[in-house]
Every structure is written in structure tokens, then in C-alpha cells.
Amino acid sequence: MANNSNISRHLPFGEKRDSRFYGQHILTVAQFDKTDLATIFEVAQEMRAMVQRVGSFDLLKGKVLTNLFYEPSTRTSSSFAAAMQRLGGSVIQINNVQFSSVSKGESLPDTIRTLEAYSDAIVLRHPERGSADTAARYARKPIINAGDGPGEHPTQALLDTFTIREELGQLDGLTVTLVGDLKHGRTVHSLVQLLALHNVRLNYVSPESLRLPAALQAQLAAAGVEQRQQPDLAAVLPETDVLYVTRVQKERFTDMAEYERIQGSYVINAALLRSARERMIVMHPLPRVGEIDMEVDNDPRAAYFRQMEYGMFVRMALLALVLGKA
Ligand code: NCD
């Protein structure tokens, strides 16, 4: 894992310091190797067991997390808040930046400097690619990237990978079909890099203009990942183990007519899933805006609501590891 040495100089007293996650920023999935994933998932499983047994416990009592969201969020923001609270910590929630000094023109570095004075870690979502790295350059406390524009969404990719493991047992040997906005989808950009640590085959199903960025495809090819553009979703469904569906990212479009033209290109419904395997899963980072018909929700292969639940356990694990109590 990349060493954020500016952080490690500021160890508070009384923390457990042997975790290689302790005090580290979480900015990109590129900082993780397979050993890191195994550690995070092991702790996430412990968190799940503890939540089921006792609901919440005081591992991070006295710790304060700031949730700083410059873009809308339901799941990421509330699951981080729930994760922190279930570990006995508390949360400063800033999601209406128009009511903060950001609306007076305060810069991201100054906002970060302010909030880290009051808290032990900051979860940041921001519309600009690279914003989490910028924040981390100024921060002395850990920054957790919760989405930097069309860049990355590492904690989502961790929970997506955890979901696949929990649901299908392992990742090696799987065929993963990614559908939708592969160009702007930050969850996709992060997930494919974690999948590349495993022996997987990737199918890309998207409108021509929303293909996975060429640089990312080249990076995966160099890592030896088998990738195929697939114009026809129905044709690849029978060989698919994981169908990862995404929303066309409206907020990244400048031309709304183009968005309207493309939106709705792919819709997963019960009829389509008839040709899918019995043992496969349908995932979506959510929110969905019509890509998966509600009639699919009761299909046992529909994993997107379970995926969302796994998210809290993974975020509990990350908070415990980064704040040094795992
Ligand atoms: C995603 C995001 O914000 O990138 N949502 C999430 O965090 N679960 C996906 C999306 O907005 O389409």
C-alpha cells in the first residue's frame, strides 16, 4: 500500500500502530494489493458478525469522522455515518456545502484544514477528478475518497469486490459483464482495477460514446486481463457470472440531448434474465434510473440491495483499520 508518510508523523497516543492502514489516506484502488483486500474483507466479516450479534460496539468511541459531500449521495454518506456510529464514534455531516463557507468561496484546502482540526478522518466526495489527492496533499488526517468526479470511488469498489466474494465464493475464473456508462462511471473505473488483481474475464457493454477509457483498458491489458467489447448484452448474458449495471452519469454530460438519446440504451428485465445462469448475480452501485426493472428485485440473483448492506461492513472495516483499532 502506498505510504502516506506525511500522515504517519502525526500518530496520536494510545493507538494500535501495527496496521499498514493506520493513518493512511484511501485515495485510489491502486494502493491496494491482494493481501490488503484479504485484510479488509476479514475485518468486514468480523464487523458483520458483530453487528448481527450486538448492533454496535465502542471500538472507535471518542473518534469523530467528517463526511464532506460536494455532490449528492444517499448510500455512501449514510453508510459511512452508520459505520462510524455503530463503532461508537460520531459524525460531522456536511452535505449542503451551499450553507457552509464553500459558498463564500473557501478553497478545498482551507475547508479540509478546518474540518481536520475537529475530526480524526474526512470522507470526501467532490465533482473534480483528483480532488481527493489535492485534499490529501494538505491534510494531516486521513482522507477517504468517496468519489472524485469521474475519477475513482475506491470504497465502492472494495464493497463491490466483497459482494462478489460473499455471493459467489471467489473471484478467480469469473466472467464479469459491465453495462452502461463505462466512460464516466467512477465505480467502474475503480472496480475493474480490483478485478484485475484476480483471474477474471471482462465484457464491456456500452454505447459507443461511453466506452471504458482507453488508458484504463491499456492498463488492464498490461496486467493480462482478457477484455472484450460486446455490442449485444443478450449474447453475453449466458456466460456472465456477475452483471454489473450502471447509471448513465447525467451530471457528466454537457449536451443534454445526447444524454436523453443514450439514456435507456440498456434495461435489465425478467425476460432478459431468463437466458442468464441460475448461479450468477446482478449488481448495481445504485441509484438506478430505469436500468434495472423493479420486477427483477425479487429474483434471488438480484444482489444490489445486499451489495448496499455489505457496504456498511466494508466501511466499518476501513474506519477501524485507518483509525487504528482493528
Ligand atoms: C455511485 C457514485 O456516486 O459514483 N453511487 C454510489 O456511490 N453508490 C454511482 C452513481 O451515482 O451512479
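In this predicted model, helices H6 and H7 sit oblique to each other. H6 spans residues 154–168 and H7 residues 186–195, and the two pack at an angle of about 50° with their axes 8 Å apart. An oblique label follows because that angle falls between the under 35 degrees that counts as roughly parallel and the 65 to 115 that counts as roughly perpendicular. As for handedness, H6 passes H7 in a right-handed crossing. On the H6 side, the contact is made by Pro-154, Gln-156, Ala-157, Leu-158, Asp-160, Thr-161 and Ile-164. H7 brings Thr-187, Ser-190, Leu-191, Leu-194 and Leu-195 to it.

Ile-164 turns up again in the largest nonpolar core, which has 64 residues. Together with Ile-40, Leu-178, Leu-202, Met-316 and Leu-319, Ile-164 touches the most other members of that core. The biggest share comes from helix H12 (residues 304–322), which gives eleven residues. Another core, of 19 residues, lies apart from this one, and Leu-237, Val-282, Leu-286 and Val-296 are among its members.

Back in the largest core, Leu-178 has plenty to hold on to beyond its neighbours within four places in sequence: Val-188, Leu-191, Val-192, Leu-202, Asn-203, Tyr-204, Val-205 and Tyr-244 are all in contact with Leu-178. Of these, Leu-191 also takes part in the H6–H7 contact.

Then there is helix H5, residues 131–138, where Ser-131, Ala-132, Ala-135 and Ala-136 are buried. These four cover an arc of only 140° around the axis, which puts them on the same side of H5. The general rule behind such a pattern is that an α-helix has 3.6 residues a turn, so residues three or four places apart point the same way.

Methods:
Residues are numbered from 1 along each chain as its sequence is written. This is a predicted model: local features need pLDDT of at least 70, side-chain atom pairs count only at pLDDT 80 or more; totals for chains, interfaces and linings use all residues. Side-chain values use heavy atoms; hydrogens and water are left out. Buried means under 20% relative accessible area, exposed over 50%, partly exposed in between (1.4 Å probe, protein chains only). The arc is that of the directions from the helix axis to the C-beta atoms. A nonpolar core is a set of buried Ala, Val, Leu, Ile, Met, Phe, Trp, Tyr and Cys residues joined through side-chain atoms within 4.5 Å. Contact means heavy atoms within 4.5 Å. Axes are lines fitted to C-alpha atoms, for helices over the stretch in contact, and angles run from 0 to 180 degrees between N-to-C directions. Angles under 35 degrees count as roughly parallel, over 145 as roughly antiparallel, 65 to 115 as roughly perpendicular and the rest as oblique. A crossing is left-handed if the near helix is turned anticlockwise from the far one by less than a right angle, and right-handed if clockwise.
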